[in-house]
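Dear colleague,

Please find below the structure that I am handing over to you, together with its sequence. My findings follow directly after it.

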Amino acid sequence: MKIGDYVSRNSYQNDVIFEIVEINDNALLKGIHKRIIADSPLEDLKLVSAKEIEEEEKSFHNHLFRNKRNRNFISGKILHIDGDQTYLEKCLNFYKMVGCHANGAFMDESKMSENIIKLIERYNPDIIVITGHDSYNKKGIKDINNYRNSQNFINTVNEIRKRYSRDDKFIIAGACQSHFEALIAAGANFAMSPKRVNVHLFDPAIIAIKASFTPFNEKVSLNEILKFSYIKKDGIGGIESYGKMRILL
């Protein structure tokens, strides 16, 4: 086993494919398609073949949806702020592929709240994605201190809501195992993760795309979002919110 190898964990029924990013006493692992960081003893790891990775990527891309470009409407602009640069780049490519206007910023989760207003003033987005890495230590679901980055995401949402209403800026916040209820209470329109599960790296982007292509006088459909999410309602939820697309007259 070496840095850069793709592996899965035998003790977790090999359910997630990771890349080895560091090796000390244990291996530090980063999910290829799920927003998860983990460590594992080397003896628990199984090498994953290039064919297996290709099959998983093909399975996901079969779920992707394309929006036909049409000069008769303007879709909502997206600002995607991510605590993981690799995931950010993948999401920006995803937005480009489906025809969304999106800008991105890579930033440590702890720095997001102090920089968010500057980014909004620079890009003037309709939809804001605030994501990266998070985790829940299973020591009490209601205590925000039991989450790795939920408080940072909440602080960022709070900064936005000091200036902009839910109808003005559509916010998607959270990551794997985030404190869903606290994010919604802070002012997010949609958030992760109601059942404290790991989410796919594209789940926040899928919500942003649906909001971008939903007319401003129609509600964004959770059922439509869930058609393209592997995790379904365990990982994504929200409140009634209107889309950001407008028709050209």
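Strand β1 and strand β5 (residues 45-47) run antiparallel and are joined by three bridges; strands here are DSSP runs of E with at least two residues, helices are DSSP runs of H or I with at least four residues, and both are numbered from the N terminus. Two strands are said to pair if DSSP finds at least two bridges between them. This is a predicted model, in which local features need pLDDT of at least 70 and side-chain atom pairs count only at pLDDT 80 or more, whereas totals for chains, interfaces and linings use all residues. Residues are numbered from 1 along each chain as its sequence is written, and side-chain values use heavy atoms, with hydrogens and water left out.

Within the pairing of β1 with β5, Ser-8 stands opposite Lys-46, and Val-7 has Leu-47 as its bridge partner. Strand β1 (residues 6-9) is also joined to strand β2 (residues 18-23), by two bridges, and these strands run antiparallel. There, Tyr-6 has Glu-19 of β2 as its bridge partner.

These strands belong to an open sheet of five, in the order β4-β3-β2-β1-β5, with antiparallel pairing. Its edge strands, each pairing on one side only, are β4 (37-40) and β5. From one strand to the next, the twist averages 45 degrees; angles run from 0 to 180 degrees between N-to-C directions, and axes are lines fitted to C-alpha atoms, for helices over the stretch in contact.

There is also an open sheet of six strands, in the order β8-β7-β9-β10-β11-β12, and its pairing is mixed. The strands β8 (102-106) and β12 (237-238) are its edges, each pairing on one side only. In general, strands of a sheet pair through backbone hydrogen bonds, either parallel or antiparallel. Strand β9 (residues 127-131) and strand β10 (residues 170-173) run parallel and are joined by four bridges. Ile-128 stands opposite Ile-171 of β10.

Two helices lie across strands of this sheet. Helix α4 lies across β9 and β10 and runs at about 160 degrees to β9. Helix α6 (residues 203-212) lies across β7 (78-82), β9, β10 and β11 (190-191), running at about 175 degrees to β9.

Helix α4 (residues 150-161) also packs with helix α3 (residues 112-123), at an angle of about 35 degrees and with the axes 8 Å apart. Their crossing is right-handed, a term for a near helix turned clockwise from the far one by less than a right angle, an anticlockwise turn being left-handed. From α3, the contact (heavy atoms within 4.5 Å) is made by Met-112, Ser-113, Ile-116, Ile-117 and Ile-120, and from α4 by Phe-153, Asn-155, Thr-156, Glu-159 and Ile-160. By class, six of these residues are nonpolar, three polar and one charged; Ala, Val, Leu, Ile, Met, Phe, Trp, Tyr, Cys and Pro count as nonpolar, Asp, Glu, Lys and Arg as charged, and the others, Gly among them, as polar.

Two residues illustrate this region. Ser-113 of α3 is in contact with Asn-155, Thr-156 and Glu-159, leaving aside its neighbours within four places in sequence. Asn-152 lies in α4 and touches Glu-109 and Ser-110, not counting residues up to four places away in sequence. Asn-152 and Met-112 are 40 residues apart in sequence and 7.3 Å apart in space, C-alpha to C-alpha.

Two backbone details may also be of interest. The peptide bond from Met-192 to Ser-193 is cis, with omega near 5 degrees, and Ser-193 lies in the loop between β11 and α6. Asn-124, in the loop between α3 and β9, has phi near 50 degrees, a positive value in a residue other than glycine.

Finally, the largest pocket has a volume of about 370 Å³. On a 1 Å grid over the protein atoms alone, a pocket is an open set of points with protein on both sides within 12 Å along at least five of seven lines, a cavity is a set where a 1.4 Å probe fits but cannot get out, and lining residues have an atom within 4 Å of a point. Grid points are joined across faces, edges and corners, and a volume is the space filled by probe spheres set on the points. The pocket is lined by 21 residues, of which Arg-9, Tyr-12, Ile-36, Gln-177 and Asn-198 are the closest to its centre. Its lining divides into nine nonpolar, four polar and eight charged residues.

With kind regards
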